[in-house]
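Here is a short set of exercises to work through with the model open in your viewer. Try each task before you read its solution.

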Amino acid sequence: MDDEIMAMFVEDTREHLGDIESCLMDMERDGADIDEELVNKVFRAAHSIKGGAGFLNLQNTRDLGHKLENVLHMIRSREIAPDTRVISILLGGFDRLRSLVEMGPAGDAEDISGLLAMLSDLAVEHLPEEKKDDLARTVDIALPGGRVLFTEDRLSLDQAVRGGRMLYLVEYDLIHDVHARKKTPLDIFSAMEASGLILDCRMDLAAVGDLDAPPTNSIPLYVLFSTIVEPDVVSYLFALDERRITPVDVASLLAGEAPAAAAPPAAAAPPDAAPPTAFHVPAAEAAASAETADPGERVGALRLSRAPDHTRLAVAPDAVGAAGAVELTGADLAQALTICLSRGLAVRLDFPPQAEPGLDGLLALVSAARTFAARGLSLSHADGVPAGVAAQAARAGFTLRALAEAGVGGDLFGVA
């Protein structure tokens, strides 16, 4: 977990929860005659914390924020009156939420099942009879090939489109839409929250492919977003090509009449964003390279050395700068790893702590990890994950969830 991004999330949470107790007590005082602005403030706190926790893969924090959000939505829509019992449950929920955020990833080891059940029971208790199963029933939202992107409970989808709001599946590119613009995913979420609500989000590292796939220079970040903004102007809201924003027909989904909305194909990179170096190496070229390779073959800044049971891939001494800085390009990494792959041996990466692969280098490592795993070969670091690699992976938003969905372990990137 990147210390800077986690610290930003914790600081934002402290700000959201700074006066949450007094806000809840004021809600109890108002009773059924709710102050909508006050309820919205508390709802936004739970919602924002849930969104950040979802991206950072803090599952307990996300789940608790989601349950609090459901109850607060029902208070806002006057389905639940904020009486003493309700406010007592919410106070306990927010207190626990605060402690989970402060614990970071360790919070996922906490048992919060009783609190989650209490909040669920509170919501179900106030639902009409025909909707009491909606918290337990889910709807899948998938890509065109059928791979499920999101699984949402029916209550959340129903709440998302109340009041004339619409639901969109938005595709960002972490490379060009986020990092090239000097932003973090949390910056993007914060901007979106100003005009709507984020139901869910996920990075799609599986789209990166493997070393045998055509080259790619993007990392999709999908966001399920609810807003009152109409489809004909919503692309201006996100500053994205309209092909990357797909309306979701929630009514049909809840009625079981149609499949979930499919994400559109990614648009080309913005002209002002310099794409990373392509790193694909055709198999025939790799095989030819392997045939002529000697134990000390050089690929850019990298040197390949053959051992009986593995290939060592290290940074050449003359590629290390005066201050110890090392820049690894995706093109060099992918070419060297493809050569290693053609030898049918495990690979040990021996990079200095300062080695920074860049986003295209991270993509090369993801592609290589998937390909090596598929062929039963090991790809690992000889002496622990370099600090530069771990820091860049964390800044890129790599989480265990995103890596696992791509079939890659976190140990190659220092993600725990």
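Let us begin with helix 13: 11 of its 13 residues are buried, which leaves this helix mostly covered. Before the exercises, a few conventions. The model is predicted, with local features needing pLDDT of at least 70 and side-chain atom pairs counted only at pLDDT 80 or more, while totals for chains, interfaces and linings use all residues. Residues are numbered from 1 along each chain as its sequence is written, and side-chain values use heavy atoms, with hydrogens and water left out.

**Exercise 1. Check the length and burial of helix 13.**

Find the expected span of helix 13, compare it with the model, and list the buried residues.

Step 1. Helices (H or I, at least four residues) and strands (E, at least two) are DSSP runs, numbered from the N terminus. Helix 13 covers residues 330–342.

Step 2. The expected span is 1.5 Å times one less than the number of residues. For the 13 residues of helix 13 this gives 18 Å, and the end C-alpha atoms are 18 Å apart, so the two agree.

Step 3. Buried means under 20% relative accessible area, exposed means over 50%, and partly exposed lies in between (1.4 Å probe, protein chains only). The buried residues of helix 13 are Gly330, Ala331, Asp332, Leu333, Ala334, Ala336, Leu337, Thr338, Ile339, Cys340 and Leu341.

Step 4. Look past the end of the helix: Gly344 follows helix 13 and has a positive phi, near 70 degrees.

**Exercise 2. Assemble the sheet strand by strand.**

In what order do the five strands of the open sheet lie, and which pairs run parallel or antiparallel?

Step 1. Two strands pair if DSSP finds at least two bridges between them. Strands of a sheet pair through backbone hydrogen bonds, either parallel or antiparallel.

Step 2. Strand 8 (residues 302–306) pairs with strand 9 in the antiparallel sense over five bridges. These two strands form a hairpin with three residues between them, and Leu304 has Leu313 in strand 9 as its bridge partner.

Step 3. Strand 9 is joined to strand 11 (residues 346–350) by five bridges, and this pair runs parallel. Here Leu313 has Leu349 as its bridge partner. Strand 9 (residues 310–315) is mostly covered, with five of its six residues buried.

Step 4. Three bridges join strand 11 to strand 13, again running parallel. Leu349 stands opposite His381 in strand 13.

Step 5. Put together, the order is 7-8-9-11-13 and the pairing is mixed. Strand 7 (297–299) and strand 13 (379–381) are the edge strands, each pairing on one side only. Neighbouring strands of this sheet are turned by 25 degrees against each other on average, direction ignored.

Step 6. Now add the helices, where contact means heavy atoms within 4.5 Å. Axes are lines fitted to C-alpha atoms, for helices over the stretch in contact, and angles run from 0 to 180 degrees between N-to-C directions. Helix 13 packs on the sheet and touches strand 7, strand 8, strand 9, strand 11 and strand 13, its direction making about 10 degrees with that of strand 8. Helix 14 (residues 358–374) also packs on the sheet, touching strand 11 and strand 13, and its direction makes about 125 degrees with that of strand 13.

**Exercise 3. Place His73 in its surroundings.**

Is His73 buried or exposed, and which residues does His73 touch?

Step 1. His73 is found in helix 4 (residues 59–76). Helix 4 has 18 residues and reaches 25 Å from its first C-alpha to its last, close to the 26 Å expected.

Step 2. Of the 18 residues in helix 4, 15 are buried. His73 is buried because its relative accessible area is 6%.

Step 3. Not counting residues up to four places away in sequence, His73 touches Phe43, Gln159, Arg162 and Arg165.

Step 4. Just after helix 4, Arg78 takes a positive phi of about 65 degrees.

**Exercise 4. Find the core.**

Which residues touch the most other members of the largest nonpolar core?

Step 1. A nonpolar core is a set of buried Ala, Val, Leu, Ile, Met, Phe, Trp, Tyr and Cys residues joined through side-chain atoms within 4.5 Å.

Step 2. The largest one has 112 residues, and the residues sought are Ile75, Leu90, Phe94, Val170, Val223, Phe398 and Phe413.

Step 3. Leaving aside neighbours within four places in sequence, Leu90 is in contact with Leu24, Leu68, Val71, Leu72, Ile75 and Leu119. Apart from this core lies another, of 15 residues, among them Val139, Leu157, Leu224 and Val250.
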